[in-house]
Amino acid sequence: MREFNQFIGGGGLGGLLSAALLAQKGQKIFLAEKLPFLGGRFTSIKHHGFEVPTGAVHMIPHSRKGPLGQVIQQDLQLPLEIRDLENFTVWFLPQRKPIRHRRFWGILKAFPRMKQRIFVFRNIIGGVRHSELHSESFQEYLEARTEDPYIFQFFNAITGFALSLDISELSVAAMYRFLRRLHQKGRPGVPIGGCKAVITALTNYAQQNASKLQKNCELIKLEMDGSQIESAVCRDLNTDEEFIIEANQYILNLGHPQVNQLLSKSHLPYRLPSTPIARGGGFVYRSKTSILGGSVVAQFPENKYVKGAVEPSASSPDLAPPGEHLLLTHQVFKSNDVIRDTRRARDELLTTFPQLREEDELCIHTFYKDWPVNYACQGKDLPNFSSEISNLFFVGDGYKGNDGWMMTEGVAYGVKRVIRHILANPN
Ligand SMILES: Cc1cc2nc3c(=O)[nH]c(=O)nc-3n(C[C@H](O)[C@H](O)[C@H](O)COP(=O)(O)OP(=O)(O)OC[C@H]3O[C@@H](n4cnc5c(N)ncnc54)[C@H](O)[C@@H]3O)c2cc1C
């Protein structure tokens, strides 16, 4: 009899959601996380009294209506409140008042000219429900139909902020699926207490049934027996001791480059296909006054670098000290010169919001290499299962199920597929 039902490598959102959903069904889990904290890119670190994200800007893309909200509130019934943003989006255009809309269709208001609205309705948004699938990129699709630069800027702002991708990196099919989900499920929400509150609730839940979640513990190798994984070799990073965990199933939440390194080191006969990763960066600012005027996603279509920003402390004031606000921006990195791009993006941000002061910058995020925004570009997801090794599974943002769910919504969707499969095929 094995001590654990499942072994999970990696304690990001994907690993913790898996652990909690398995614990709910009475499974006993061992989870190994190499860092001294759980949550990976979906938590925060306290800095000068602010909850500064390790990645996610404290947003759940479809609030309570998407797969993550459903796992949290319906499947696990965690004691967490998710508050919808007041508006879908607020568009900031030079020399104009900010344009706000609460519903998806309000997006058309962000096009100053009627001709642009008709184009977008006919060619893009009106096609959401009965889309044909094209193999070209969304940029090529637009180029074949319009020369209006604002249309390109507009969609680049949306995908740059939400997916950290340029429209040239996204297929038309992936763009349609993504817009369809926005249309169906609506605006984002902020968990009260931010990402860390989600991680804490999942951790507490997963620790039921004597499951073990071990921090500072690195998965270094998998051992095979026939066509199955037999054990995981881990290293305790506090003592440098190696130990072995045996389980029925092995779930990896490491990101596909790390998974392939591990499989190669373990001499296993399987590799994940490679896929490009989405890179981006952001600024974290403090402010005594609200910069965006409430809990919104702000988009700046005419900016070159900073495409969007949020102020999650407007929904969850505990993310900032009393009387202060937390502003988070996001931008795509196109070049490898992160320092130059960061400098230019800062200049642009301070021009967009002259009331921001450079000395109020709390930190800069440069997500890159082992800490990208997404391990697979939207629509280029990898399989959740290994066809050659029957008890090996993958979760996390490389494995979203290719159904238009962005970011953590896709993580939750992919996790649910894996857990359903494991519970239906226990051995
Ligand atoms: C700047 C930025 C902004 C974002 N904003 C949002 C947002 O607002 N909303 C949203 O929904 N999503 C957002 N995302 C995306 C979201 O953060 C990710 O989709 C999600 O956190 C990915 O979770 P994961 O479990 O797949 O991966 P990770 O969080 O990367 O977890 C993987 C874990 O595995 C651990 N690990 C790696 N190798 C080993 C090993 N050998 N042994 C043990 N442990 C190991 C890592 O330390 C890590 O903790 C954002 C991401 C970034 C970077």
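Which helices and strands each supply at least two residues of the shell around the ligand? In this predicted model, the list has two helices and three strands, set out here with their residue ranges.

| Element | Residues |
|---|---|
| α1 | 13-24 |
| β10 | 217-225 |
| β14 | 280-287 |
| β18 | 361-367 |
| α10 | 407-424 |

Let's look at that shell a bit more. It has 37 residues around the ligand, and the closest are G10, G12, G40, G396 and T408. Sort the shell by class and you get 14 nonpolar, 18 polar and five charged residues.

Now for α1, one of the elements that help build the shell. Is this helix largely enclosed or left open by the rest of the structure? It's largely enclosed, because 11 of its 12 residues are buried. Among those buried residues are L13, G14, G15, L16 and L17, and the list also includes S18 and A23. You can check the helix's length too: at 1.5 Å a residue, the 12 residues of α1 should span 16 Å, and the end C-alpha atoms are indeed 16 Å apart, so the two agree. After α1 comes G26, which has a positive phi, near 80°.

Another spot to find on the structure is a pair of strands. Strand β3 (residues 44-47) and strand β4 (residues 50-53) run antiparallel, joined by four bridges. Across the pair, I45 stands opposite V52 in β4. Together β3 and β4 make a hairpin, with two residues between them. H48 sits in that turn, and its phi is positive, at about 50°.

Terms used. Residues numbered from 1 in each chain as written. Predicted model: local features only at pLDDT ≥ 70, side-chain atom pairs only at ≥ 80, totals over all residues. Pairing = 2+ DSSP bridges. Near = placed C-beta within 6 Å. Nonpolar A, V, L, I, M, F, W, Y, C, P; charged D, E, K, R; others polar. Expected span 1.5 Å × (residues − 1). Buried ≥ 20, exposed ≤ 12 C-beta atoms within 10 Å, placed from the backbone.
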